[in-house]
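Q: Pick one small strand pairing and walk me through it closely. Then work outward from there, so that I can see how that part sits in the whole.

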Amino acid sequence: MDIKFNQIYGEYLRDESRQVGRAESIVFPKTEAEIINSVKEMSRKNIPITSQGARTGLAASAVPYGGHIINLSKMNKVTGARYDEKEDRFFLTVQPGVLLSDLRKYIANKSFVAAEWDKESINALKFMEKGRWFYSTDPTETSASMGGIASCNASGARSYKYGSARDHITGLRLVLADGDVLVLKRGQYLAKDDEFSLITEGGREIKGKLPKYKMPHVKKNTSGYYNKPGMDMIDLFIGSDGTLGIISEIEIELNKTFDVIWGLTIFMPDEDKALDLVRALRHEIKIADINLNINPSAIEFFSHKALKMLRDRQKTSAFSNIQELKDTCHTAVYIEIESDSNELVWAEVEKLGDVINALGGDEEETWVAYNPINLEKLHDFRHACPECVNLEIDQIKKLNAGITKLGTDMSVPDDKLKDVMKMYNEGMEENKLDGVIFGHIGNNHLHVNIIPKDMDEYEKGKELFLIWAEKIAAMGGAVSAEHGVGKLKVPFLKKMYTEEEINEMRKLKKIFDPSQILNRGTIFEYVEGQ
Amino acid sequence: MAGINIIKDKCVGCKACMGACPFGAIEIVGKKAVITEKCTLCGACAESCKFDAIDFKRDERESSDLSQYKGIWVFAEQRYGKLKTVSSELLGKTRELSSLLKTQVTSVLFGHNIEFLAHELIAHGADEVLVMDEEWLNDFNDYIYGEAMTALISEYKPEIVLVGATSKGRSLAPYISSSLKTGLTADCTGLSIDEGGLLVQTRPAFGGNLMAEIICPNNRPQMATVRPKVFKPLEPDYKRRGKITRIHKKPIEGFVKLLKNIDNSEGQSLSDAEIIVSVGRGIGSAGNIRLAKELADVLGGALASSRPLVDMGWMPYSRQVGQTGKTVAPKIYIACGISGAIQHLAGLADIDTIIAINQDPDAPIFKVANYGIVADVKEILPVLIEKIKGRL
Amino acid sequence: MMKIIVCIKQVPGTNEVKTDPETNTIIRENVPAIINPFDTYAIEEAVRIKERTGAFIYGISMGIPSAEDMLKEAVSLGIDKGILMTDRKFAGADTLATAYTLSKGIERIGEFDLIICGRQATDGDTAQVGPSLARTLNIAYATDISKIIEIKDNEIHCLKITDDGYEEILIKLPALITVVKEINMPRLPSIKSMKAARKSKIEIVEFDGIKADEKRTGLKGSPTQVRKVFVPLHEVNTTLIEGTLEEKAGKLSEILLNLRMEVE
């Protein structure tokens, strides 16, 4: 191992999953041409390549398992804009290294470095002035890169209303394993049933057959390749964890912002009543004959244990800034509502109060935020949950270096919400494990974080996750909803799909990357000769 | 009666007044300017109009005879027999103002067993020092000090009274100005004399996004509190001669009783530090603050912070630099992961060298920095500390 | 039962000021108005006193008619009665005229035990109205209170933040205190409290409703005048230090050590 390389570039061997890999070389291309050069060279020498964005992923996709790293963080420009006047739609073209936080800033200020833009793009900017826009994909980690977001089909809280990254990506440029470039526009290449044909920029036709496996019926899924008869082929590449090509450019669509955004944290006396509230918010059940017309853009959840953890941490200075939790708070649901007028939202919130009361809760046990300052307070409260977990794990890690974060990212169909909650609670109880549950309950997509006290509990937790993966698959759910499979969730994917189905995926990969040099060990274990 | 009116025939709808209005109180409706209820009658728009379309009338005030007010006063704040630096900073500035007004500088000194400080004040620029050295003035007290000051001002009639915008000065000055029913401008960062001899007081407004020039034309004295560290004190000249006047008055009894002083003991004070390492949100976590602390320690500097970290409870308020925190004027200011919002910049006074480390190349802090490094503070600080240690 | 008065100001939700780079003039977009964030701590502290010992809380504001909604918000946060002083004759007030006008509104309420203000308003940042109001009402005051230790019959035992640390003080009642954000964590309204607040009635007080000298309110009563407003310029030549992390750290360490020699 090259000690000097590790000293200088050590940070590029890790990502937020806290796994550490190894590599022999790294490049930081600034243009697509530089990616192509690097890929061609490695391809000739048959050296595996791992591509990276901002390394904020939780599934170790960006952690190299030997070979060469192509780090895209220097490709961080917004390169153009497009406005569809007929449909009043606005699009931006971005390089993969653009950070979400920067993108948000550019959009909010309507300010771009446009010196090298073409005429059409500069023209489009004028139309941007007409309204206020935002990019809806909102993973908690805002230092994530756009390439990473596309690669793992990220989502976030607002995906309840807006869907995941996939739903807002309208174009991709990819550098394939041989250095050829594939340009995809949404609507351009549709599979004919299970057959597809794509033409590269080099003029090569790539033909193939889609696998037979069926994806789960959930709203959030990023477990293996997207696959559906007649699908738009761009969807194959979104969420493919960088295993099919290296993204060199992405076109995203923006949404119009609303004038009014409200946030409400609602405390319910027990978990079952909280789940009923979620179902009422999703219009699955009607409570006390009240016509609730509320359409939240996000529905989030905090388990009893999660609130307890926050309450304990509140006493320490690091989290003293979050809203004070009463001792009586049991389980919480957080929703966000967008609208054009405060009065419209209030009319619904008033009814929501009645629903909460009818469910056995108390409308007094709510926090309502209707201005940006207070909304920020509720966001801080929500973000405190994963931060708290990280803090707990960091403390445990000091005693047991082998322990890393143990968090799930699974989703199930709507009608399985109560079943999956029961599974999580019973699983932890039977194994005497401590853990907190929070996350995107609107899409039945909860993050269960186990807090192991020692190595023994850590191992138990890992086993439990495998059992859950199997049960989730049986419920028709997805083992990874937004983080991607990466390297860490390869065993989970095996619970969701049969060996044969996974081999089908691998066959699909080999159509684009015959020597399997791209992101080895991601989605599939890499076995020589397979 | 004061009032403002748009003369519709003259208004061409050019929007110049909209831009000039600090309160967003002007709208253009049908190509004519309309004054909304947000108007505070400040008159900024009237000056901006090139078409004389804004009819703005200030009230004519019956002004009492202002000519009898003479001289500039500086309130000398001391604690435990030590002068606050802002007092000498004010004296330095006041020398400049007094030469323009051709008048004298007087400093007022309150306390117990503090008379020796009068020489210090003269050395820093006072022509005369009014000393009240009394046991009942031992503890600073808004009411007692305020009553004593008010009585002296009524008797001596200075035209300008300046007070340091320390926590005590900011609390005391409004008592005095309200007692005298005169104007008071808070937290000034600039003072000058205009051609008519009025004190022009410059202060940040809207969180430092704007600067406002404020005058007090018809009332005396003209009063201002001035931020510490914005002016430079003169080199003390202990040979300088001045008059020391001792004053005795009947004791005044207050309504607020000081039970206990609990002084900070957390390292070097920010206002005295020559080197400040300041941390912002970019530091990532509360735990990482120790990196900045370590850098401050190896350089022999003090640790400060931007507001978000104080809001999050990661740093104490006493370490906050900015509009709502402290103004600092070290020789070297190292901003680690601070974006440089205008509110933060408002706390940076006269600094020789600003060094900014931030991951975001567009961070506004780079616009004011002498040296900029685009990097993740969390990653560069450990390397930097090692390098400095290696060379010390 | 204690009578507490909280002074509340409506301020713009942000201090962002956009400027036209060509003309260097101010472009102020319409931003929603909010309760001065410092005042939310004052409201919360009053509500906590009420929860501990029982109290009746008045919220008083001087402002434009639309500040009525803001006072309803204050009701949803726990104050019992909102009073809005609004009149063209109050417009253009500086801190002295504001304190005078508020004092006349407070005289109308009658006897009280404690006035709580936020340490300053985010739009003006003067921190002068609190002390000035106390002076006008001739009552004791203390600024920058970070903790109320105890409220006794005729005095209040507090902790005050100063530049040098803290002071433990006793203040005779009736008194005015201004509070800093360390004092508490303000709660957010609940659906229930918002329902009640929407039904509440805010008392509107105009000039004719108070016994005041017109020469001391509004622009007329304001000794200070804004002569000019301008955008501050911050321009420096920045030397960018480039290279790998190692190189950057190396160069910076040299610069720092050289500068430090000069300082010493």
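Close-up, then outward

A: Let's start with a single bridge: B:Ile28 has B:Ala33 as its partner in E3(B). Before going on, a word on what we're looking at: this is a predicted model, local features need pLDDT of at least 70, side-chain atom pairs count only at pLDDT 80 or more, and totals for chains, interfaces and linings use all residues. Residues are numbered from 1 along each chain as its sequence is written, while chains are lettered from A and ligands numbered from 1 in the order in which they are written.

Back to that bridge. Strand E2 (residues 26-29) of chain B runs antiparallel to strand E3 (residues 32-35) of chain B, with 4 bridges joining them. Two strands count as paired if DSSP finds at least two bridges between them. Strands themselves are DSSP runs of E with at least two residues, helices are runs of H or I with at least four, and both are numbered from the N terminus. Between E2(B) and E3(B) sit 2 residues, making a hairpin, and B:Gly30 in the turn has a positive phi of about 55 degrees.

Now zoom out to the chain. Going by an automatic or database domain assignment, chain B splits into domain 1 (3-57), domain 2 (66-246) and domain 3 (275-391). From the C-alpha centre of domain 1 of chain B to that of domain 3 of chain B is 42 Å. In total, chain B has 11 helices and 22 strands, and its C-alpha atoms fill a box of roughly 70 × 65 × 40 Å along the principal axes. Of its 392 residues, 52% count as buried, where buried means 20 or more other C-beta atoms within 10 Å of the residue's own, exposed means 12 or fewer, partly exposed is in between, and C-beta atoms are placed from the backbone. Take the contacts in chain B between residues at least 6 apart in sequence: 63% of them join residues at least 24 apart. A contact here needs C-beta atoms, placed from the backbone, within 7 Å.

Further along chain B there's another antiparallel pair, E12(B) and strand E13 (residues 199-205), over 4 bridges. There, B:Ile193 has B:Leu199 as its bridge partner in E13(B). This pair belongs to an open sheet of 4 strands, antiparallel, in the order E12(B)-E13(B)-E14(B)-E14(C). Its edge strands, each pairing on one side only, are strand E12 (190-193) of chain B and strand E14 (225-230) of chain C. From one strand to the next the twist averages 25 degrees, with axes as lines fitted to C-alpha atoms (for helices over the stretch in contact) and angles from 0 to 180 degrees between N-to-C directions.

The two chains pair elsewhere too: strand E17 (residues 256-263) of chain B is antiparallel to strand E11 (residues 165-172) of chain C over 7 bridges. One of the positions to look at is B:Lys260, whose bridge partner in E11(C) is C:Glu168.

Taking the interface as a whole, 77 residues of chain C are in contact with 82 residues of chain B. Helix H6 (residues 245-263) of chain C gives the largest share of chain C's side, 13 residues. That side holds 36 nonpolar, 21 polar and 20 charged residues; Ala, Val, Leu, Ile, Met, Phe, Trp, Tyr, Cys and Pro count as nonpolar, Asp, Glu, Lys and Arg as charged, and the others, Gly among them, as polar.

As for the partner itself, chain C has 6 helices and 15 strands, and its C-alpha trace spans about 70 × 45 × 40 Å along the principal axes. Buried residues make up 56% of its 264 residues. Of the contacts in chain C between residues at least 6 apart in sequence, 70% join residues at least 24 apart.

How far to trust all this? Chain C averages a pLDDT of 91, with 92% of residues at 70 or above; pLDDT is the predictor's confidence in each residue, from 0 to 100. The model scores ipTM 0.90 and pTM 0.83.

Note on methods: Two residues are in contact if their C-beta atoms, placed from the backbone, lie within 7 Å.
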